[in-house]
Amino acid sequence: MAADNNINVPFHRPEIGMDEVEAVTKAMLSGWLTTGPASKEFEAEVAGFVGAKHAVALNSCTAALHLALSAVGLKEGEHVIVPSMTFAATAEVASYFKAIPSIVDIEPRTMNISPEAIKRKIVEIKKSGGTVRAVLPVHFAGLPCDMDAIGAIAKEHDIHVIEDAAHAIPSSYKGRPIGGISDVTCFSFYATKTVATGEGGMAVTDDQQWAEHMRVMSLHGISKDAWKRYSAEGSWYYEIDYPGFKYNMTDTAAAMGLVQLKKAEQMRLKRQAIADTYDQAFAKLDKWIETPARPIEEGTIHSHHLYVLRLNLAALAIDRAAFIEQLRARGVMASVHFIPLHIHPYYRNTFGYKPEDLPVSYEEYMRAISLPIFPSMSSREIAHVTSTVADLCKANDR
Ligand SMILES: *Cc1c(COP(=O)(O)O)cnc(C)c1O
């Protein structure tokens with residue numbers, strides 16, 4: 001295919017239309033700039049969408065993970081099991097409690113946390129006299145983790161499952177939406193995520209007490225919602241029950257989220273069609289590249305938040321960094337998800353990890369490339385990505 005020289009495909013383009021603009025404008029003119037009726041409505045809509053009893057709207061997924069760990073009673077010195085292949089947020093929240101993030105390896109096919117590795121880590125921690133409070137599976141790229149296996153391990157060892165579902169709305173595991181499965185599930189509405197409010201997050205749970213705890217802690221440990229406190233029917237009185245945080249969602253963000261949520265499945269289908277096109281185009285290039293895992297269980301649905309290619313480095317004359325550089329030179333912006341936690345200076349220096357300690361995540365990281373995948377990609381943009389990847393594979397054949 002001839003190279004398309006006058007095109008630049010960004011890694012991501014936000015999906016914001018006049019619907020969002022009108023909803024945010026309405027919220028701004030309503031008198032409620034911070035947590036108010038739109039946030040309450042967004043909580044109810046997300047809870048209904050994912051099949052959870054309670055939802056707490058927050059200003060990030062990081063805040064949701066923090067409050068979820070607080071709800072399940074994480075204490076100093078206890079362990080929280082997290083996968084290596086994730087963003088900073090998943091592990092840093094354990095440090096907020098002076099707890100220990102115990103990083104474990106992933107499965108090579110899905111790049112999701114390995115249930116076997118979770119089991120081994122729990123046994124190792126228990127042998128040394130430690131306590132594991134929770135495991136935080138991350139649905140990498142939006143492909144659900146093996147929740148049956150993780151749930152069984154958690155039950156056996158009496159630990160909590162808190163899902164980092166920052167990539168996974170809408171995703172389903174064996175017919176059940178992500179959000180209706182574990183103790184607490186945390187979503188992100190960060191600018192580049194599948195449902196975007198700029199900054200935003202939500203914790204969902206079926207446990208009323210946990211939900212109440214997260215709600216109180218999200219607003220200074222005060223036992224009443226601010227919007228009730230300041231509304232006509234509310235009173236001036238409030239009580240501080242705990243030293244809380246400032247994690248509440250704004251109504252302008254919620255108004256945007258309500259519109260985005262309505263389009264979430266339609267946007268997912270567009271990303272899925274792009275993933276299908278990529279898979280087909282790249283099938284012929286299997287000497288040089290591997291396409292990402294697709295769901296294999298009945299009823300499991302991938303959100304397609306990311307499309308992560310993996311290079312067969314042995315068949316190529318260049319490494320991953322050079323491949324990304326050559327993509328960029330031809331107008332295709334790519335990225336890497338993720339630099340494994342255990343090779344970052346903080347985790348190396350604090351806990352003594354070496355790259356080869358978690359070899360699967362290290363090796364997959366060395367050959368991973370995230371390609372652009374967002375609903376408004378044009379067929380010309382998609383074709384430019386596939387033809388550029390094909391050209392680079394052939395040009396750099398070893
Ligand atoms: C984006 C992301 C987060 C953090 O979400 P915020 O809403 O920015 O706090 C957490 N975990 C993963 C896996 C992410 O990709």
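A polar contact here is a pair of N or O atoms within 3.5 Å. Keep that cut-off in mind as you click around, and remember that this is a predicted model.

**Stop 1: the ligand**

Start by selecting the ligand and Lys 193. A polar side-chain atom of Lys 193 sits 3.1 Å from an oxygen atom of the ligand, so this pair falls inside the 3.5 Å limit for a polar contact. How much of the ligand's accessible area does the protein cover? On its own the ligand has 390 Å² of accessible area, and the protein covers 93% of it.

Now add His 167. An N or O atom in its side chain is 2.7 Å from a ligand oxygen. Next, show the backbone of Cys 61, because the side chain isn't what you want here: a polar backbone atom of Cys 61 lies 2.9 Å from an oxygen atom of the ligand, again within 3.5 Å.

Zoom out a little to take in the whole shell. There are 16 residues around the ligand, and the ones that come nearest are Thr 62, Asp 164, His 167, Ser 188 and Lys 193. Colour the shell by class and you should get seven nonpolar, seven polar and two charged residues.

If you have a pocket display, turn it on: the space the ligand takes up is the largest pocket. Which elements give two or more residues to the shell around the ligand? Select helix 3 (61–71) and helix 4 (88–95) to see them.

**Stop 2: a three-stranded sheet**

Move on to strands 10, 11 and 12. These three make an open sheet, in the order 10-11-12, with antiparallel pairing. Strand 10 (289–290) and strand 12 (368–371) are the edges; each has a single partner strand, so one side of each has no neighbour in the sheet.

Look closer at strand 11 (residues 307–311), which pairs with strand 12 over four bridges in the antiparallel sense. To land on one spot, select Leu 309 and its bridge partner in strand 12, Ile 369.

**Stop 3: backbone oddities in the loops**

Go to Asp 158, in the loop between helix 6 (147–157) and strand 5. Its phi is near 55 degrees, a positive value in a residue that isn't glycine.

Then select Ile 169 and Pro 170. The peptide bond between them is cis, with omega near 5 degrees. Pro 170 belongs to the loop between strand 5 (160–164) and strand 6 (172–173).

Finish at His 337 and Phe 338, also joined by a cis peptide bond, with omega about -10 degrees. You'll find Phe 338 in the loop between helix 10 (320–329) and helix 11 (345–351).

Notes
Residues are numbered from 1 along each chain as its sequence is written. This is a predicted model: local features need pLDDT of at least 70, side-chain atom pairs count only at pLDDT 80 or more; totals for chains, interfaces and linings use all residues. Side-chain values use heavy atoms; hydrogens and water are left out. A residue is near a molecule or strand if one of its heavy atoms lies within 4 Å of it. A polar contact is a pair of N or O atoms within 3.5 Å; within protein, one must be able to donate a hydrogen and the other to accept it, and residues adjacent in sequence count only if both atoms are side-chain atoms. Accessible areas come from the Shrake-Rupley method with a 1.4 Å probe; for residues, only the protein chains shown count as cover. On a 1 Å grid over the protein atoms alone, a cavity is a set of points where a 1.4 Å probe fits but cannot get out, and a pocket is an open set with protein on both sides within 12 Å along at least five of seven lines; lining residues have an atom within 4 Å of a point. A molecule sits in a cavity or pocket if more than half of its atoms lie within 2 Å of its grid points. Ala, Val, Leu, Ile, Met, Phe, Trp, Tyr, Cys and Pro count as nonpolar, Asp, Glu, Lys and Arg as charged, and the others, Gly among them, as polar. Two strands pair if DSSP finds at least two bridges between them.
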